[in-house]
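Visitor: I should like to discuss the charged side-chain contacts of this structure. Could we proceed by question and answer?

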Amino acid sequence: MAIDWDADVLGAVMSVFGEGDRSVPASLPTYTPKGGRAFQLADAVYDEQYTRVIQEGEGSEVSTTGPVIGVREAVFRAAGQPQPQQGDRVFVPSKDQLYLVQDVQPDSHGHVLLILIEARA
């Protein structure tokens, strides 16, 4: 029996740890694709201090810490939106901060980690 990662795992976990409150739409992150219309990201999990290790070559590594938001690919399909791309924007109300998507990292199970950078005015 195959696992429906989105329904059986991601949806359940992200609804518990997701940013904002579904009953208060303004508390949910807002996603705006380049050239597209904005929509709410229900169940998106924001992490301000995500640490990742980047291979620099010749065996050296660099560790960086910064903001990310984890989302379900199904949220984009349900909103009739294309999958996330570099340069899209995410507003996180709990931080009152607008971010640009710097990198998109899908995991092949329906989850996408968006590496964020603060948007400059």
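Visitor: Which side chain meets R22 in a salt bridge?

Guide: The model under discussion is a predicted one. R22 lies in the loop between α1 (5-17) and β1 (30-32), and its partner in the loop between β2 (39-40) and β3 (45-57), so the pair ties together parts that are 21 residues apart in sequence. The N to O distance is 2.6 Å, and the partner is D43.

Visitor: Is D43 buried or exposed?

Guide: Buried requires a relative accessible area under 20%, whereas exposed requires over 50%. R22, at 56%, is therefore exposed. D43 has a relative accessible area of 7% and is therefore buried.

Visitor: Which residues are joined into one network by salt bridges that share partners?

Guide: D43 also forms a salt bridge with R72, with the closest N and O atoms 3.6 Å apart. R72 belongs to strand β4 (residues 60-72) and D43 to the loop between β2 and β3, so this pair connects parts that are 29 residues apart in sequence. Both D43 and R72 are buried. Through shared partners, the network consists of R22, D43 and R72.

Visitor: With which residue does K95 form a salt bridge?

Guide: K95 lies in the loop between β5 (89-92) and β6 (97-106) and its partner in strand β3, so the pair ties together parts that are 47 residues apart in sequence. K95 is partly exposed, with a relative accessible area of 38%. The closest N and O atoms are 3.5 Å apart, and the partner is E48.

Technical notes: Residues numbered from 1 in each chain as written. Predicted model: local features only at pLDDT ≥ 70, side-chain atom pairs only at ≥ 80, totals over all residues. Heavy atoms only, no water. Salt bridge = Lys/Arg side-chain N within 4 Å of Asp/Glu carboxyl O. Helix = DSSP H or I, 4+ residues; strand = E, 2+ residues; numbered from the N terminus. Buried < 20%, exposed > 50% of the residue type's maximum accessible area, 1.4 Å probe, protein only.
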